Amino acid sequence: MPTRGQAQLAIWSDIEPELETDYLHWLTREHVLERVGVDGFLSGRVFRSEVAGKRRFFITYELQEAAALAGPSYLARLNAPTPWSQRVMPILQNFARGGGPVVARAGLGCGAVALPLRLDLETAGLLDEGAQRALVERIAQLDAVAQVWLMRVDAAATGVPTREKAMRRSVEGAFDGVLVIEALHEAAARAAVDGLLLAELASADVPDRQVFAACFQLDRRLAGLC
């Protein structure tokens with residue numbers, strides 16, 4: 001029986017509205033398919049939002065284990081971008097990327113919306129395994145929350161220089177951890193985060209609280225890769 005992946009890769013980027021059609025076609029017709037074909041990559045999900053005249057995207061890949069981030073299969077793809085990828089990479093703005101082990105997960109299924117929070121785990125008081133597990137389990141019990149996961153960024157694995165990274169004009173943002181709340185609707189996601197910021201995460205510096213709507217999903221099975 002298949003089990004959940006033990007790691008995630010999280011990516012944020014902004015696109016100018018007039019470039020969105022080509023970007024979405026690239027994601028849904030080439031890029032995510034290419035990525036789920038990488039050894040150790042299980043699935044990819046794309047979330048979309050609109051803010052301040054931009055089209056903002058949050059993309060996350062579920063990985064078998066964190067070692068896939070620095071594995072030869074993934075690095076080969078990063079160092080041999082397709083012509084379409086070469087056209088898209090330079091237009092990405094406010095780019096942030098980090099991957100690593102999922103240290104705690106609770107809930108079942110996938111939500112219609114995701115609210116990802118970039119965190120400093122020490123400032124947030126989330127270095128302890130018990131605290132990590134207790135937090136995600138509490139959030140998962142809130143009204144209309146589907147699942148919650150907390151990932152610790154492996155800076156060494158995600159910081160490897162590659163040709164694809166060199167093509168992006170936006171400096172890759174750095175962060176220590178990611179807490180992702182997936183809910184059935186936006187109100188539930190915002191209520192969960194508002195409560196967290198007043199209680200458990202009151203001391204944490206949370207720069208971005210954007211809610212994203214799910215718009216595309218592909219796993220290895222649907223792609224005919226397993």
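Is Phe95 buried or exposed? At 7% relative accessibility, Phe95 counts as buried. Keep in mind that this is a predicted model. Let me stay with Phe95 for a moment.

Phe95 sits in strand S4. Which residue lies over the face of its ring? That is Arg168, at 4.0 Å from the ring centre of Phe95. There is also a partner from elsewhere in the chain. Phe95 and Glu172 are 77 residues apart along the chain, yet their C-alpha atoms are separated by 5.4 Å. Now take another pair, Glu137 and Phe58. They are 79 residues apart in sequence, and their C-alpha atoms are 23 Å apart in space. Glu137 belongs to helix H4. With a relative accessible area of 42%, Glu137 is partly exposed.

Next, the aromatic rings. A pair of aromatic rings is described by the distance of the centres and the angle of the planes. How many aromatic pairs does the structure hold? Eight. One of them joins Trp12 and Phe175. Their centres are 5.3 Å apart, and the planes make an angle of 85 degrees. That makes the pair edge-to-face. Look at where the two partners come from. Trp12 lies in strand S1, residues 7-15. Phe175 lies in the loop between helix H6 (163-167) and strand S7 (177-183). So the pair ties together parts that are 163 residues apart in sequence. Both Trp12 and Phe175 are buried.

The pair has company. Trp12 and Phe175 belong to one aromatic cluster with Phe47, Phe58 and Phe212. Trp12 also has a charge over its ring. Arg118 lies over the face of Trp12, at 4.3 Å from the ring centre.

Now the empty space. Rolling a probe the size of a water molecule over the atoms shows where empty space is left. I will take the cavity, then the pocket.

How many cavities of 30 Å³ or more are there? The count comes to one. The largest cavity has a volume of about 140 Å³. It is lined by 17 residues. Closest to its centre are Ile11, Trp26, His31, Met89 and Phe95. There is Phe95 again, our opening residue. Which elements give two or more residues to this lining? They are S1, helix H1 (20-36), strand S3 (54-63), helix H2 (72-78) and strand S4 (93-107). H1 gives the most, with five residues. By class, the lining of the largest cavity has eleven nonpolar residues, two polar and four charged.

On to the largest pocket. About 550 Å³ of space lies in it. Its lining has 22 residues. Nearest the centre of the pocket are Arg4, Leu42, Ser43, Glu62 and Asp219. Several strands take part. S2 (41-51), S3, S4, S6 and S8 (212-219) each supply at least two residues of this lining. Which element gives the most? Strand S2, with three residues. The lining of the largest pocket divides into six nonpolar, eight polar and eight charged residues.

Now cysteines. How many disulfides are counted? Zero. Why does Cys110 have no bond to Cys215? The sulfur of Cys215 is the closest cysteine sulfur to that of Cys110, but it is 13 Å away, too far for a bond. A disulfide needs the two sulfur atoms within 2.5 Å. Cys215 is in no disulfide either. How accessible are these two residues? Cys110 is partly exposed, at 45% relative accessibility. Cys215 is partly exposed too, at 40%.

Last topic: the backbone. Two residues here have a positive phi and are not glycine. Take Asn94. Its phi is near 50 degrees. Asn94 lies in strand S4. Then Ala144, with phi near 65 degrees. Where is Ala144 found? In the loop between helix H4 (129-140) and strand S6 (145-152). Is Ala144 buried or exposed? Buried, with a relative accessible area of 14%.

To close, go back to Phe95 in the model above. Find this buried residue in the structure. Then find Arg168 over the face of its ring. Finally, look for the largest cavity, with Phe95 among the residues closest to its centre.

Conventions:
Residues numbered from 1 in each chain as written. Predicted model: local features only at pLDDT ≥ 70, side-chain atom pairs only at ≥ 80, totals over all residues. Heavy atoms only, no water. Phe/Tyr/Trp six-rings, centres within 6.5 Å; stacked < 30°, edge-to-face > 60°. Helix = DSSP H or I, 4+ residues; strand = E, 2+ residues; numbered from the N terminus. Buried < 20%, exposed > 50% of the residue type's maximum accessible area, 1.4 Å probe, protein only. Lys NZ or Arg CZ within 6 Å of the ring centre and 35° of its normal. 1 Å grid on protein atoms, 1.4 Å probe; cavity = no way out; pocket = protein on both sides within 12 Å on 5 of 7 lines; lining within 4 Å. Points joined across faces, edges and corners; volume = space filled by probe spheres on them. Nonpolar A, V, L, I, M, F, W, Y, C, P; charged D, E, K, R; others polar.
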